[in-house]
Amino acid sequence: MLSLTLLLGNAVASEGNRGLSGQEGKALVGKASNRNASDESCERGSIESSALSLINHTFCRYKPKFDSHYRRALRDEPFLQGNVTFRLEVKGDGKVASVEIIQSDLSHSELERRFLMIASAMQFPGIGPDGWEGEYILRFSS
């Protein structure tokens, strides 16, 4: 059986004027594995890691939702893979104020629409009063 994973590694955030401004291009480290999102691969980072760690942790928690839609799309397009770059604005209460896909290697409009629905419903608890604004890259590989 073919094992499909959503890779959160190599994700990069470039932040705007919110959160940890001045740390543009800091890598967000996630684990690429077949384990579920509740295991240690999704542990919250240290307090010093602040907003970037929380963003990475939250995307890791939502990994099964993204992965499920990706696997469904693979049934029709078995060679579908690549990066999807999201531009997010998260309010201080942890809700997503806006999200868009600014770049995608998938060229699959229905899948990208579903990814936007998932991302817009994400909750980022503990993000802080200033919220966060930046980009997040997800890599999909079969």
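A nonpolar core is a set of buried Ala, Val, Leu, Ile, Met, Phe, Trp, Tyr and Cys residues joined through side-chain atoms within 4.5 Å. With that idea in hand, we can walk through this structure, which is a predicted model. The largest nonpolar core here has 28 residues, and the members touching the most others are Phe-59, Phe-66, Phe-86 and Phe-115. Keep an eye on those names, for some of them return below.

**The overall plan**

- The protein has 142 residues, and 43% of them count as buried.
- Three helices and six strands make up its regular elements.
- Reading from the N terminus, the order of these elements is β-β-β-α-α-β-β-α-β.
- Take the contacts between residues at least 6 apart in sequence: 69% of them join residues at least 24 apart.
- On the outside, the protein exposes about 7500 Å², and carbon and sulfur atoms supply 48% of that area.

**The core**

- Which elements give two or more residues to the largest nonpolar core? They are helix 1 (50-61), helix 2 (63-76), strand 4 (82-90), helix 3 and strand 6.
- Helix 1 gives the most to this core, contributing five residues.

**Aromatic rings**

- How many aromatic pairs does a search of the whole structure find? It finds eight.
- One of them is the stacked pair of Phe-59 and Phe-66, with 6.1 Å from centre to centre and 20 degrees between the planes. Phe-59 and Phe-66 are both buried.
- Phe-115 and Phe-140 also form a stacked pair, with centres 4.8 Å apart and planes 10 degrees apart.
- Why does the pair of Phe-115 and Phe-140 tie together parts that are 25 residues apart in sequence? Because Phe-115 lies in helix 3 (residues 109-121), while Phe-140 lies in strand 6 (residues 132-141).
- Are Phe-115 and Phe-140 buried or exposed? Buried means under 20% relative accessible area. Phe-115 has 0% relative accessibility, so it counts as buried. Phe-140 has 1%, so it counts as buried too.
- Ring pairs link eight residues into a cluster: Phe-59, Phe-66, Tyr-70, Phe-86, Phe-115, Phe-124, Tyr-136 and Phe-140.

**A hairpin of two strands**

- Strand 4 and strand 5 pair in the antiparallel sense, over seven bridges.
- Within this pairing, Glu-89 stands opposite Ser-98 in strand 5.
- The two strands form a hairpin with five residues between them, and Gly-94 in the turn has a positive phi of about 90 degrees.

**Two loop residues to look up**

- Lys-91 sits in the loop between strand 4 and strand 5 (96-104).
- With a relative accessible area of 37%, Lys-91 is partly exposed.
- Leaving aside residues up to four places away in sequence, Lys-91 touches Ala-97, Ile-127 and Gly-131.
- Lys-91 and Gln-123 are 32 residues apart in sequence, and their C-alpha atoms are 9.8 Å apart in space.
- Where does Ser-107 lie? You will find Ser-107 in the loop between strand 5 and helix 3.
- Ser-107 is a residue other than glycine with a positive phi, near 50 degrees.
- Exposed means over 50% relative accessible area. Ser-107 has 65% relative accessibility, so it counts as exposed.

Key
Residues are numbered from 1 along each chain as its sequence is written. This is a predicted model: local features need pLDDT of at least 70, side-chain atom pairs count only at pLDDT 80 or more; totals for chains, interfaces and linings use all residues. Side-chain values use heavy atoms; hydrogens and water are left out. Helices (H or I, at least four residues) and strands (E, at least two) are DSSP runs, numbered from the N terminus. Buried means under 20% relative accessible area, exposed over 50%, partly exposed in between (1.4 Å probe, protein chains only). Contact means heavy atoms within 4.5 Å. Accessible areas come from the Shrake-Rupley method with a 1.4 Å probe; for residues, only the protein chains shown count as cover. Rings of Phe, Tyr and Trp (its six-membered ring) pair if their centres lie within 6.5 Å; planes under 30 degrees apart count as stacked, over 60 as edge-to-face and the rest as tilted. Two strands pair if DSSP finds at least two bridges between them.
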